[in-house]
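User: I would like to go through this model term by term, with each label set against the rule behind it. Please begin with the rule for exposure once the structure is on screen.

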Amino acid sequence: AGVATASAISADSSAEIASLKRRMAELEEELAEAKGRLDSNKGVDALQQQVTALTRDVKCLVETGRELGEEGRKQREELRQAELVKRELADKVQMLEAELTRLR
């Protein structure tokens with residue numbers, strides 16, 4: 001009876017060890033998957049940081065473009081005003097030359 005009991009205990013131990021080994025393999029697989037997800041999330045975090053930086057850069061470029069557009073409009077208006085003054089002065093010069101010719 002002692003041998004049968006020892007054999008039964010040995011069979012139970014072997015089954016338990018096999019079950020523990022299977023469970024350990026499952027846990028190792030879950031750990032590997034979790035590590036993979038963590039690495040993937042780190043990649044996502046890095047990409048999110050890049051997207052945030054690029055978004056900030058684009059906003060800055062858009063604002064700079066707006067400022068340059070406004071500056072361009074101001075310069076065109078100043079040029080238009082200068083052209084008007086130039087025409088007025090040219091007209092005055094012609095009138096003065098005509099007056100000078102008449103007086104001679």
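Analyst: Buried means a relative accessible area under 20%, exposed means over 50%, and partly exposed covers what lies in between, with a 1.4 Å probe and protein chains only. This is a predicted model, in which local features need pLDDT of at least 70 and side-chain atom pairs count only at pLDDT 80 or more, while totals for chains, interfaces and linings use all residues. Residues are numbered from 1 along each chain as its sequence is written, and side-chain values use heavy atoms, leaving out hydrogens and water.

User: Why is Glu-77 called partly exposed?

Analyst: Glu-77 has a relative accessible area of 37%, and since partly exposed is the class between 20% and 50%, that value places Glu-77 there.

User: What makes Arg-80 and Glu-77 a salt bridge?

Analyst: A salt bridge is a side-chain nitrogen of Lys or Arg within 4 Å of a carboxyl oxygen of Asp or Glu. The closest N and O atoms of Arg-80 and Glu-77 are 2.8 Å apart, so the pair meets that rule. Both residues lie in helix H1, three residues apart, about one turn of the helix, and Arg-80, at 41% relative accessible area, is partly exposed.

User: What is the distance between Arg-23 and Glu-26, and why are these residues about one helical turn apart?

Analyst: The closest N and O atoms of Arg-23 and Glu-26 are 3.3 Å apart, and the two form a salt bridge. They are separated by about one helical turn because they are three residues apart in helix H1, which covers residues 2-103. Arg-23 is partly exposed with a relative accessible area of 42%, and Glu-26 is partly exposed at 42%.

User: Why is Arg-102 called exposed, and which label does Glu-99 carry?

Analyst: Arg-102 has 60% relative accessibility, which is over 50%, so Arg-102 counts as exposed. Glu-99, at 34%, counts as partly exposed. Their side chains meet in a salt bridge, 2.6 Å from N to O, and both lie in helix H1, three residues apart. The search of the whole structure finds five salt bridges, among them the one between Glu-99 and Arg-102.

User: How many helices and strands does the chain have?

Analyst: The secondary structure comes to one helix and zero strands, where helices (H or I, at least four residues) and strands (E, at least two) are DSSP runs numbered from the N terminus.

User: How do you know what the radius of gyration of the chain says against the globule rule?

Analyst: The radius is taken over C-alpha atoms, and the globule rule is 2.2 Å times the number of residues to the power 0.38. A compact globule of 104 residues would have a radius near 13 Å, but the chain has 44 Å, so the chain does not match the globule value. Along its principal axes, the C-alpha trace spans about 150 × 10 × 10 Å. Glu-30 and Arg-104, 74 residues apart in sequence, are 109 Å apart in space, C-alpha to C-alpha.

User: What percentage of the residues count as buried?

Analyst: Of the 104 residues of the chain, 1% count as buried.
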